[in-house]
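Me: Could you help me learn to read aromatic rings in a protein model?

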Amino acid sequence: MNMPENDKQNLAMVTCTAPVNIAVIKYWGKRDEDIILPINSSLSVTLHQDQLKTTTTIACSRNFQQDRIWLNGKEEDISNPRLQSCLQEIRRFARKRRNTGDSTSDVNSVSHKVHICSVNNFPTAAGLASSASGYACLVYTLSQLFGVENEQLSAVARQGSGSACRSLYGGFVQWKLGERSDGKDSLAEQVESESYWPELRILILVVSADQKSVGSTSGMHTSVETSQLLKYRADVVVPSRMEEMIRVIRQRDFTAFGELTMKDSNQFHAICLDTYPPIFYLNNISHQIISLVHRYNQYYGETRVAYTFDAGPNAVIYTLQDHLPEFVQVVRHFFPPEISGEEFVKGLPVCSADLSEDLKRDINMDPTPKGIRYIISTEAGPGPCVVKDPNHHLLGADGLPKKSAI
Ligand code: DP6
């Protein structure tokens, strides 16, 4: 229960953070576009919030005239239907609790208007989807404010953005597609926690690109309408891949995990190509990264590194701690950076490594200077957290964004 911090003004305020997640079995296609029900289950790894997170403060007060939202310093339209779905659903849960008398929260607060202020600690320009962490943080913070604890929270986040439901948990998370038409069984569930596979490391290779990609919502709509491969994937391929992925994660079998991750990314991009008109998310640099990973693995005769790509050209690399320094050096060698050493690799520190002439020769690729802008080095991390320190609130006592949040 996180109720009034400032009784005099009848202002209640809560701040939370939520993580980004990267799918290894991709969600692509909806069977219901209104309440966002997928045509296949999916599975992701939650990334650590020390490197990538959304922070959201929500205040409610009887003095507020209307619901308002500020995203990364700019006031946005609160009437966005996905935003409205999330707000309505949480308020409905809160009222239900109040009626059944098991709510310890301020009984009136649910009828008050809210002010929402949200920021990402990563640049939108990095091309990383922020809708997953954004909606997960919105829903989690609302639930804390109104004292709603409910296993249906991921179903609410899902209605903001499908992939957001997976950001409500840490570690390895599956989103089961469910069978019901009301979506009550289309929920996220933790497979294993973030501490289950401590050697696993994640690199985000931020690729230089000027073109803006087709958004995932409209992209998957066109795929559902036109791609026959998509139906085959949903009906035949994903059900067995989900089982296999869960098994290899539980066995901490990197070879099998890496191979399945790459195959699933490739199938998703094959479906984009099978969509009519086709959608191209990968660019030349993405293709070069794919070749580099396969040549690197070939050199060692085993899968040491795996790539996956979402609805844009950036690569996400999964590898094990032991192989990380050398692979980062390989990336530096074949994509000589514009910026100096430390700035090129952000996030968790990576040790330096030497490359053998043999390895460079075997990879046999021409270096592409400045093809990769920078790397974010991270690992699996926990789900949403409440921020206790009131100094970290993004809204001031007047209920408006603090200067620091703009
Ligand atoms: C390629 O969750 O962004 O990242 O539900 O329309 O908001 P909407 O789509 P979104 O789609 C994510 C697609 C993906 C794969 C994945 O994360 O599973």
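Reply: Happy to; we will go through ring pairs, burial and charges over rings. This is a predicted model, where local features need pLDDT of at least 70, side-chain atom pairs count only at pLDDT 80 or more, and totals for chains, interfaces and linings use all residues. Residues are numbered from 1 along each chain as its sequence is written, and side-chain values use heavy atoms, leaving out hydrogens and water.

Me: How many aromatic pairs are there by the rule for rings?

Reply: Rings of Phe, Tyr and Trp (its six-membered ring) pair if their centres lie within 6.5 Å; planes under 30 degrees apart are stacked, over 60 edge-to-face, and the rest tilted. By this rule there are 13 aromatic pairs. Phe254 and Phe257 have ring centres 6.0 Å apart and planes at 50°, so their pair is tilted.

Me: Where do Phe254 and Phe257 lie?

Reply: Helices are DSSP runs (H or I, at least four residues), numbered from the N terminus. Both residues are in helix 6 (residues 254-274), 3 residues apart, about one turn of the helix. Ring pairs also link Phe172, Trp197, Phe254, Phe257 and Tyr318 into a cluster.

Me: Is Phe254 buried or exposed?

Reply: Buried means under 20% relative accessible area, exposed over 50%, and partly exposed in between (1.4 Å probe, protein chains only). Phe254 has 6%, so Phe254 is buried; Phe257, at 0%, is buried too.

Me: Which residue has its charged end over the ring of Tyr374?

Reply: A charge sits over a ring if NZ of Lys or CZ of Arg is within 6 Å of the ring centre and within 35 degrees of the ring normal. Lys346 does this at Tyr374, 4.7 Å from the ring's centre. Arg252 lies over the face of Tyr196, at 4.0 Å from the ring centre.

Notes. Helix = DSSP H or I, 4+ residues; strand = E, 2+ residues; numbered from the N terminus.
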